[in-house]
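Colleague: Please take a close look at one part of this model and set it out in order. Keep the cut-offs explicit.

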Amino acid sequence: MPHGAPELLTYGTLIVFTLGLIFHWSRRAFRHPVPTEPISGEIKGNFMVFDKVQRTFHWATTVSFVIVTFTGIALYDPFAFEPITDLLGIPLHTTFPTYVFVHVVFSGALAILLIIHIIWDVGKLKGTRSMLPTKSDFRDVIVRAKSLLQGTEEYPRINKYDSFMKNFHLYLPIAFIVLAITGVYQFLYAPWWVVPIERHFEIEPPWRPTVLHDLFGFLLIALVFGHTYFSILPVNRSIFNAMLSGKISAEEIMKKYRLQEFINRIKKQRPK
């Protein structure tokens, strides 16, 4: 049994998100609707949509997050994690401090990467406006939901960052602040991993930082899982490839995106 947040909430969050993605996949995997919203304008060439800093941040974050997730779940529910560690031949119960150390190191790396990402996108690229939710995003969500659930033909074009991506990016700093505060407190004042399991709740303060840490962590895992799912859908292959090469063709942009945001963001660039 986990020492922190109840399994019903943590694993339940993952199950609910997974069921939602399975439903979406059954409706959208290979028959994504074509936008009915007319396109306003025309562009040609290939355009840089993710620079080297953004791409480096993305893939470094991916590696760090996988390690943080692996060690975090092993610490949260070691008994459920035993089959994996036994299969890999990795010690678990006798090496909690090592897992904690790796978890803390890569959590710190994630925090540094997030700060760099915010400074670069806000300070250098002036991308704050494109990341904030708008009324248009809300309308798009309603239209897309009706299309998904009711099979309506109307379907909007999307911006470079749609509502899901914007809210995901807004949750990231909130989650990291909560996870940092609760994680640092556990590490310094309530290190449950150095006491017998029956004493875990004796050293847990009334505001339950361990529970908060688990809840925000599992929600973040669920959102990253959703982000990964959407990124590998065939319809999003062009934007996934852009995260590797940095570029996306005008033809791909014109298939489903609104042009104005791209034009505003890349008007200083010349097509290549």
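What does R208 count as, in terms of relative accessibility? After that residue, please go through helix α4 and what surrounds it.

Modeller: This is a predicted model, in which local features need pLDDT of at least 70 and side-chain atom pairs count only at pLDDT 80 or more, while totals for chains, interfaces and linings use all residues. Residues are numbered from 1 along each chain as its sequence is written, and side-chain values use heavy atoms, with hydrogens and water left out.

R208 counts as partly exposed because its relative accessibility is 32%; buried means under 20% relative accessible area, exposed over 50%, and partly exposed in between (1.4 Å probe, protein chains only). R208 lies in the loop between α7 and α8. Its phi is positive, about 50 degrees, although R208 is not a glycine. Most residues other than glycine have a negative phi.

As a frame for the helix, the chain contains 11 helices and two strands. Helices (H or I, at least four residues) and strands (E, at least two) are DSSP runs, numbered from the N terminus. Of the 272 residues, 42% count as buried. The C-alpha trace spans about 65 × 40 × 35 Å along its principal axes.

Helix α4 covers residues 96-124. The expected span of a helix is 1.5 Å times one less than its number of residues, so the 29 residues of α4 should span 42 Å, and the 41 Å between its end C-alpha atoms agrees with that. The buried residues of α4 are F96, Y99, V100, H103, L110, L113, L114, H117 and D121. They pack against α2 (52-76), α3 (78-88), α5 (128-131), α7 (163-189) and α8 (209-232), where contact means heavy atoms within 4.5 Å.

L113 sits in α4 and is buried, since its relative accessible area is 16%. Leaving out residues up to four places away in sequence, L113 touches F57, A60, T61 and S64. L113 and M165 are 52 residues apart in sequence, with their C-alpha atoms 18 Å apart in space.

The helix also takes part in the largest nonpolar core, meaning a set of buried Ala, Val, Leu, Ile, Met, Phe, Trp, Tyr and Cys residues joined through side-chain atoms within 4.5 Å. This core has 26 residues, and those with the most contacts inside it are F65, L75, L92, F96, L172 and L220. The elements giving two or more residues to this core are α2, α4, α7 and α8. F65 touches L110, L220, I221 and V224, again not counting residues up to four places away. A second, separate core of 16 residues includes I43, M165, A242 and M243.

On the surface, V104 is the residue to look at. V104 belongs to α4 and counts as partly exposed because its relative accessibility is 39%. V104 forms a nonpolar patch with V184, F187, L188 and Y189, about 510 Å² of accessible area together. Accessible areas come from the Shrake-Rupley method with a 1.4 Å probe, and for residues only the protein chains shown count as cover. Patches are made of residues with over 30% relative accessible area and no salt bridge; nonpolar side chains (Val, Leu, Ile, Met, Phe, Trp, Tyr) are joined within 5 Å, like charges within 9 Å. A salt bridge is a side-chain nitrogen of Lys or Arg within 4 Å of a carboxyl oxygen of Asp or Glu. Helix α7 gives the most to this patch, with four residues.
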